[in-house]
Amino acid sequence: MKMFLQAARFLVLDMASTILFVILLSVTHNIGLAVAVGVGMGVAQIGYALARRQNVDAMQWLSLVLVILSGAATLFTHDPRFVMVKGTVIGLVTMLAGSKQSDAMAGGIASAFVATFYGMFLANVVFLPWA
């Protein structure tokens, strides 16, 4: 159970900017504001770790880059689904990074599929009716 809670904490912290984006977009219907706050959250997480002199690993940097790129794509296209791609990409990268360990690979695959499911659900049930 302890390992599950640690994994859940990591996943929630990693997806915090995306979750914040979805909540703000749902409440305000303002893509620019939602993207700015989501990207700000990603930058703040890295900044907080650096300020505390904590080691920022490659996955955290990759997550920040994905937040910025997907946020830019969302602003350019006005399509919120680009932000939701982050979870799938992070899950697949985790799977590939841990390919020597079957447990890590299984967790990465599970994370990718769950993120894909939530992205498809939100895109088709929440955001498509607004279009």
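Where does Ser17 lie? I looked this up before anything else and found Ser17 in helix 1, where a helix is a DSSP run of H or I with at least four residues, a strand is a run of E with at least two, and both are numbered from the N terminus.

**Ground rules.** I am working with a predicted model, in which local features need pLDDT of at least 70 and side-chain atom pairs count only at pLDDT 80 or more, while totals for chains, interfaces and linings use all residues. I number residues from 1 along each chain as its sequence is written, and my side-chain values use heavy atoms, with hydrogens and water left out.

**Overall fold.** I counted five helices and zero strands in the protein, and reading along the sequence I get the pattern α-α-α-α-α. Of the 131 residues, 31% count as buried, with buried meaning under 20% relative accessible area, exposed over 50%, and partly exposed in between (1.4 Å probe, protein chains only). I also looked up contacts, meaning heavy atoms within 4.5 Å; among those between residues at least 6 apart in sequence, 56% join residues at least 24 apart.

**Helix 1.** I traced helix 1 over residues 2-28, which makes 27 residues, and its span from the first C-alpha to the last is 37 Å, close to the 39 Å expected at 1.5 Å a residue (the expected span being 1.5 Å times one less than the number of residues). At Ala16 I noted a bend of about 55°, taken as the angle between axes fitted to the seven residues ending there and the seven starting there. The buried residues of helix 1 include Ala16 itself, together with Asp14, Met15, Ser17 and Thr18, and further along Phe21, Val22, Leu24 and Leu25. Returning to Ser17, I count this residue as buried because its relative accessibility is 3%; beyond residues up to four places away in sequence, Ser17 touches Gly38, Met41, Gly42 and Val67.

**Helix 1 against helix 2.** I describe two packed helices by the angle between their axes and the distance between the axes. Helix 1 and helix 2 (residues 31-51) pack at an angle of about 160°, with their axes 8 Å apart, which means that helix 1 is roughly antiparallel to helix 2. Axes here are lines fitted to C-alpha atoms, for helices over the stretch in contact, and angles run from 0 to 180 degrees between N-to-C directions; under 35 degrees counts as roughly parallel, over 145 as roughly antiparallel, 65 to 115 as roughly perpendicular and the rest as oblique. The crossing of this pair is right-handed, the near helix being turned clockwise from the far one by less than a right angle, whereas anticlockwise would be left-handed. Among the residues that meet here are Leu13, Ala16, Ser17 and Leu20 of helix 1 and Gly38, Met41 and Gly42 of helix 2.

**Helix 2 against helix 3.** I found helix 2 and helix 3 packed at about 165°, with their axes 10 Å apart, and they are therefore roughly antiparallel to each other. Their crossing is left-handed. The contact includes Ile31, Val35, Gly38 and Gly42 of helix 2, and Val67, Gly71 and Thr74 of helix 3.

**Thr74.** Is Thr74 buried or exposed? I found Thr74 in helix 3 and count this residue as buried, because its relative accessible area is 0%. Leaving aside neighbours within four places in sequence, Thr74 is in contact with Phe21, Ile31, Val35, Asp79, Pro80, Phe82 and Val83.

**Positive phi values.** Most residues other than glycine have a negative phi. I noted that His29, in the loop between helix 1 and helix 2, takes a positive phi near 60°, and that His29 is exposed at 53% relative accessibility. Arg53, in the loop between helix 2 and helix 3 (58-77), has a positive phi of about 60° although it is not a glycine, and I recorded Arg53 as exposed, with a relative accessible area of 78%.
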